[in-house]
Amino acid sequence: TTTTEAVSTTNNATTTTTTTEAVSTTATTTTSTTTTTTISCNVAECFSCEANDVCSVCKNGAFLFEGACLTECPQGYTATGFGSFNRGCEPSCKKGKANCFACSADSLSCATCANGFYLFNGACVESCPADLYRSRGFGNFGKYCESIYACDIQGCHTCDEASVCTVCREGLYLLDGACVAECPLGYLSFGQGSYNRYCQKTCIPKENNCHTCSGDACVLCGNAKYLIEGVCVNDCPVGSIGVGRGSFNLQCLQLN
């Protein structure tokens, strides 16, 4: 940088004093360093990961679902894609698809059907299954299938919170959460009328070919009947063989 200052005049001569300042420039060198991060990808059937053990592309025909590779999509999801790579799972329900007018909040099932279809187990069907369901609603929207029986158990009138039948109707007998037309061998029938009938495992000596009881189970059969699981039967079931002879103490033994 050059600076000119102080001009004096003597005998018509002009003297110019020039002062020169030296500016020192220092060159700065910046070094750029690149760091490489390795992503762990310990996901079966995964081709590449986007984060540690989070798959982004599956291989060998596997379906990508929430960072994992599955052989099939879970319930409520539909498989997408084809070939060996880039296959995935998407929510099954889409508005306007398969006669669905509105989907559930998670898009896994339909909530309202259109075009006169009936809502049944999250899907839209043309008609409700016979015997167990009745049709409800009218028009093109909001029709659905209603279970005739409690808990979808044929003949059931009342269920508990665990969807186990507790009361049968139509003259059926309650047996282990199901409604049956008659009680099996080794059980006695209780109740009358259309409701509250049930089967109870009860052993009564000299009843149902049992000679000796122990609690609710028979331990010794008579009349040449075979003992199996606390009841007396005419013949041993498949997978077992009858042993003993005479009219008493015949048994069914399981084959190995």
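Is Cys41 buried, exposed or partly exposed? I looked this up first and found that Cys41 counts as partly exposed, at 30% relative accessibility, where buried means under 20% relative accessible area, exposed over 50%, and partly exposed in between, with a 1.4 Å probe and protein chains only.

I note that this is a predicted model, in which local features need pLDDT of at least 70 and side-chain atom pairs count only at pLDDT 80 or more, while totals for chains, interfaces and linings use all residues. Residues are numbered from 1 along each chain as its sequence is written, and side-chain values use heavy atoms, with hydrogens and water left out.

Disulfides. I found 16 disulfides in the structure, a disulfide being a pair of cysteine sulfur atoms within 2.5 Å. Cys41 is bonded to Cys49, with the sulfur atoms 1.9 Å apart, and Cys49 is buried, with a relative accessible area of 16%. The torsion about the S-S bond of Cys41 and Cys49 is about 75°, so I entered this disulfide as right-handed.

I then turned to Cys58 and Cys69, whose sulfur atoms lie 2.1 Å apart in a disulfide; with -95° about the S-S bond, this link is left-handed. The pair links distant parts of the chain, 11 residues apart, with Cys58 in strand β4 (residues 54-58) and Cys69 in strand β6; strands are DSSP runs of E with at least two residues, numbered from the N terminus. Cys58 is buried at a relative accessible area of 1%, and Cys69 also counts as buried, at 15% relative accessibility.

For the disulfide of Cys151 and Cys159 I noted a sulfur separation of 1.5 Å. Cys151 is partly exposed, with a relative accessible area of 29%, and Cys159 is partly exposed, with a value of 22%.

Strands. Strand β6 led me to an open sheet of four strands, in the order β6-β5-β8-β7 and with mixed pairing, where two strands pair if DSSP finds at least two bridges between them. β6 (68-70) and β7 (77-80) stand at the edges with a single partner strand each, so one side of each is left without a neighbour in the sheet. Within this sheet, strand β5 (residues 63-65) and β6 pair in the antiparallel sense over three bridges, and Phe65 stands opposite Ala68 in β6.

I also followed two hairpins. Strand β15 (residues 156-159) runs antiparallel to strand β16 (residues 165-168) and is joined to it by three bridges, with Cys156 opposite Cys168 in β16; five residues lie between these strands, and in this hairpin Ser163 takes a positive phi near 60°. Strands β19 (residues 187-190) and β20 (residues 197-201) pair in the antiparallel sense over four bridges, Tyr187 having Lys201 as its bridge partner in β20. The hairpin of β19 and β20 has six residues between the strands, and Gly191 takes a positive phi near 95° there.

Linings. I last looked at the largest pocket, whose lining includes Cys93, Lys94, Lys97, Cys100, Cys110 and Cys124; a pocket is an open set of points on a 1 Å grid over the protein atoms alone, with protein on both sides within 12 Å along at least five of seven lines, and lining residues have an atom within 4 Å of a point. I recorded seven nonpolar, three polar and two charged residues in this lining, with Ala, Val, Leu, Ile, Met, Phe, Trp, Tyr, Cys and Pro counted as nonpolar, Asp, Glu, Lys and Arg as charged, and the others, Gly among them, as polar.

Technical notes
1 Å grid on protein atoms, 1.4 Å probe; cavity = no way out; pocket = protein on both sides within 12 Å on 5 of 7 lines; lining within 4 Å.
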